[in-house]
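Here are my notes from a pass through the model you sent. I took the ligand site to begin with and the domains after that.

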Amino acid sequence: MFKENIPLAGHTGYKIGGPARYFFEARNLDELESAVREARKKNLSIFVLGGGTNLLVSDEGFDGLALKPDFHFLEQDGNEVNVGAGIPIAELLNYLITHSLTGLEWAGGLPGTVGGAVRGNAGAFGGETKDLIKSVRSFDIEKLKEVEREAPACDFGYRSSVFKKKGGTEIIMSAVFALKKGDTETVRKSIHEKINYRRERHPLEYPNIGSIFKNVPLTRISADSISLNLPGSTRKSAAIPVKTDPVPVVPAAYLISEAGLKGVSFGGAMVSPKHPNFIVNVLEAKASDVKTLIELVKNEVHGKFGIILEEEVQRI
Ligand SMILES: Cc1cc2nc3c(=O)[nH]c(=O)nc-3n(C[C@H](O)[C@H](O)[C@H](O)COP(=O)(O)OP(=O)(O)OC[C@H]3O[C@@H](n4cnc5c(N)ncnc54)[C@H](O)[C@@H]3O)c2cc1C
């Protein structure tokens, strides 16, 4: 039932990555369950693929089953919308505009699927996916059964959830978003503002997977007893930009820029001069090129500030 040797580069925002030994798109629970049973029979590891907008797939690819839960439905009940995990966030936002539902405008321009956003509790502009979630339905690949959780049981945290913490043993199938009645034009305008903001600041002209590193919470900086004064600089801590994301953080982009790494390249990959927390694929980059740059950035930022940058992207 599975396709074989499917290049994952075609399924990621980066256009990077070797083949998945097996690949399957499940459109409903029956197909998902059969695929999981088949994979278990063959003793394969399973990797769940959403929109591939946050994935760094190795050049060797994935020696297992890349399983895409392509659940594609939107069902409205009052101000609540039950959304299949495979629906792109952009498609959900279009639906909300058309049906005058407000609450998710902050996600304007957020790439990827509903499943990926729920799993990582994606957020931007002070909003987080968890703020709108009423419940989530998933499939437990170990117990081979459906699980339904109300929001508190999803254990959402900063870019995290129970699904992320369980390390891929549950596949999100759908989520119910609780919204409010709004005004179509106001919702549309607000979403388009976010899209335009991103277009201006993000290097969307090149294949990318968004921010490579997490912003650094201020609490972590003081816990590490790091002086906020920049070495060799006359600027004091007050000059360091702190943004709320949703806790106070120092942007990783700022640290990378201050470490002098804008525009540094290796192979076909480059630290974006436009937004230095993006490493862009400028010329048929390999995953190994990106990994080399990630290590370089980590080392340089650590050397300069004593801060260890943590990766936000998911490696396969
Ligand atoms: C230009 C750009 C801007 C971005 N801006 C933001 C931002 O502002 N805020 C933010 O939070 N993120 C941002 N991202 C990162 C990314 O878009 C989000 O993390 C997104 O939610 C990932 O969704 P996806 O469907 O592409 O997931 P994928 O990249 O396919 O997968 C990411 C992880 O989620 C898991 N996963 C995917 N679907 C499911 C499912 N149905 N069930 C269980 N696990 C699943 C995968 O196994 C993987 O571990 C940005 C990315 C880009 C390229």
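1. Start with the ligand, and keep in mind that this is a predicted model. There are 32 residues around the ligand, and the ones that come nearest are Val48, Gly52, Thr53, Thr113 and Gly123.

2. Now the polar contacts. Thr113, already on that list of nearest residues, has a polar side-chain atom 2.6 Å from an oxygen atom of the ligand. Arg159 also brings in its side chain, with a polar atom 3.2 Å from a ligand oxygen. With Gly51 the backbone does the job: one of its polar backbone atoms sits 2.8 Å from an oxygen of the ligand.

3. How much of the ligand's accessible area does the protein cover? On its own the ligand has 960 Å², and 92% of that is covered by the protein.

4. Which elements give two or more residues to the shell? They are strand S3 (46-48), helix H3 (114-119), strand S9 (123-124) and strand S13 (170-178). H3 gives the most, with four residues.

5. As for the chemistry of the shell, the split by class is 15 nonpolar, 13 polar and four charged residues.

6. Next, the domains. The assignment gives domain 1 (3-69), domain 2 (74-200) and domain 3 (203-315). Between domain 1 and domain 3, the C-alpha centres are 29 Å apart. The contact between these two takes 13 residues from domain 1 and 19 residues from domain 3.

7. Domain 1 and domain 3 bury about 1200 Å² between them, and carbon and sulfur atoms account for 58% of it. On the domain 1 side, look at Tyr14, Asn54 and Leu56: they supply 56% of the area that domain 1 buries against domain 3, more than any other three residues.

How values were computed. Residues numbered from 1 in each chain as written. Predicted model: local features only at pLDDT ≥ 70, side-chain atom pairs only at ≥ 80, totals over all residues. Heavy atoms only, no water. Near = heavy atom within 4 Å. Polar contact = N/O pair within 3.5 Å; in protein donor to acceptor, adjacent residues only side chain to side chain. Areas by Shrake-Rupley, 256 points an atom, 1.4 Å probe, with all protein chains shown as cover. Nonpolar A, V, L, I, M, F, W, Y, C, P; charged D, E, K, R; others polar. Domains from an automatic or database assignment. Contact = heavy atoms within 4.5 Å. Buried area = accessible area lost by both parts, 1.4 Å probe.
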